[in-house]
Amino acid sequence: MPSPLITFVGTTPNIGTSIAALAAACRIAEDTKTSVGFLCLNLKSAKSHRYLGVDNPVETLDSLRPELRSSSLLPEKLLLATHSVMEGLHVLFGNVLRDQAEFFTSEEVDHLLDVAQQTFDIVIADVGAYWDNAATLCALRRANTRLVATTGALSHFQEDGHRWLKQLSPLYGISADQYEAVIIHAPGRIGGFHVKEICNELGVPLFGELKLSGPMLSQLDSGTLDQWLISDEQGKQAMAQPAKHIIQRYGLTRRPGLNSQPWYRKLLTHRDGVST
């Protein structure tokens, strides 16, 4: 049985969709015994390698084109092409040949997803915010969970959200109510629309939130996003709740010590304020 596929898509470019997807993948790998495959399928603006401090990656999505064209990609080859961020998290960097974005076919992307779902226990696909390519459409069609990232800016969740989710997505057989929302809060933004208003306008339920910060954005420029996600106190909370939802939804095995206490243990702990 293929492993679950979670696809992140943004309503608008450069709002933090890739950060949300990477943070979720990091939290899942951190909290479970599973192998997590992160696929950067942003064909026109891939930056995951920059965020993780690999300026000139040897292996990227486009370097697998020969195997994808001939449908001969093997799990071993895919695994070798990934960058290990932490135990259990394997990142395939995206296409760096932007002029080749339109040449990826749906057959090639489907083959990549087939192999990834055989290789990893769960697959996180980041397709960015461009819909006019095979990677976005295939990853959204096949996804078990579709997460649309947006912000509190009216032009993002109303204009872009309406055009993508309510007008274009149904043409490809995916109705707007098959998405869930991840709301991204930009640093320093005051006021604006409430999360409930954003979700009502999109017509989708809230899946989670991500708060960006000045220090985190500086990590992108220095290529140390992984260090922030793993070591920084604020970073360790990024996308923690959405990742927990994914872990529970697909029954992923949590690491020892992370499971909540049984109900009777809590009663014993709180009785007379004495821990047992």
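Which elements each supply at least two residues of the lining of the second largest pocket? In this predicted model, these elements are β8 (206–211) and α11 (240–249). The second largest pocket holds about 160 Å³ of space. Its lining is made up of Glu-209, Leu-210, Lys-211, Trp-228, Gln-234, Gln-237, Ala-238, Met-239, Ala-240, Gln-241 and Pro-242. By residue class, this lining divides into 6 nonpolar, 3 polar and 2 charged residues.

The confidence of the prediction varies along the chain. The average pLDDT is 90, and 92% of the residues score at least 70. Over residues 259–276, however, pLDDT stays under 50. For that stretch the model has 8 contacts beyond four places in sequence. Where pLDDT is low, the predicted coordinates should not be read in detail.

The largest pocket contains about 350 Å³ of space. Its lining comprises 21 residues, and those nearest the pocket centre are Pro-13, Asn-14, Ile-15, Gly-16 and Tyr-51. Two or more lining residues are given by each of α1 (17–31) and α9 (214–222). The largest share comes from α1, with 3 residues. The lining of the largest pocket contains 10 nonpolar and 10 polar residues, together with 1 charged residue.

Enclosed space was also searched for. Across the whole structure, 1 cavity of 30 Å³ or more is found. The volume of the largest cavity is about 40 Å³. Leu-22, Cys-26, Leu-52, Val-85, Leu-89, Asp-226, Leu-229 and Ile-230 form its lining. Helix α1, which also contributes to the lining of the largest pocket, supplies at least two residues of the cavity lining, as does α10 (225–231). The largest share of the cavity lining, 3 residues, belongs to α10. The residues around the largest cavity divide into 7 nonpolar, no polar and 1 charged.

Charged side chains were examined next. Side chains of opposite charge can pair when their charged atoms come close. The structure holds 11 salt bridges. One of these salt bridges joins the side chains of Arg-27 and Glu-30, with an N to O distance of 3.0 Å. Both residues lie in helix α1, where they are 3 residues apart, about one turn of the helix. The two partners differ in accessibility class: Arg-27 has a relative accessible area of 1% and is buried, whereas Glu-30 has a value of 24% and is partly exposed.

A further salt bridge connects the side chains of Glu-108 and Arg-65 at 3.2 Å, N to O. Glu-108 is in helix α5 (residues 106–119) and Arg-65 is in helix α3 (residues 65–69), so this pair ties together parts that are 43 residues apart in sequence. Relative accessibility is 6% for Glu-108, which therefore counts as buried, the class being set at under 20%. Arg-65 is likewise buried, at 7%.

Lys-236 and Glu-233 form another salt bridge, and their closest N and O atoms are 3.0 Å apart. Here Lys-236 is partly exposed, with a relative accessible area of 29%, and Glu-233 is exposed, with a relative accessibility of 59%. Elsewhere among the salt bridges, Lys-44, Glu-102 and Asp-132 are joined into one network through shared partners.

The surroundings of Lys-236 were considered further. This residue is found in the loop between α10 and α11; the first of these helices contributes to the lining of the largest cavity, and α11 to that of the second largest pocket. Apart from neighbours within four places in sequence, Lys-236 is in contact with Arg-27, Trp-228, Leu-229, Ile-230 and Ser-231. Among these contacts, Arg-27 is the residue of α1 that pairs with Glu-30. Trp-228 is one of the residues lining the second largest pocket, while Leu-229 and Ile-230 are among those lining the largest cavity. Lys-236 and Ala-139 are 97 residues apart in sequence, and their C-alpha atoms are 27 Å apart in space.

Methods. Residues numbered from 1 in each chain as written. Predicted model: local features only at pLDDT ≥ 70, side-chain atom pairs only at ≥ 80, totals over all residues. Heavy atoms only, no water. pLDDT = per-residue confidence, 0-100. Contact = heavy atoms within 4.5 Å. 1 Å grid on protein atoms, 1.4 Å probe; cavity = no way out; pocket = protein on both sides within 12 Å on 5 of 7 lines; lining within 4 Å. Points joined across faces, edges and corners; volume = space filled by probe spheres on them. Helix = DSSP H or I, 4+ residues; strand = E, 2+ residues; numbered from the N terminus. Nonpolar A, V, L, I, M, F, W, Y, C, P; charged D, E, K, R; others polar. Salt bridge = Lys/Arg side-chain N within 4 Å of Asp/Glu carboxyl O. Buried < 20%, exposed > 50% of the residue type's maximum accessible area, 1.4 Å probe, protein only.
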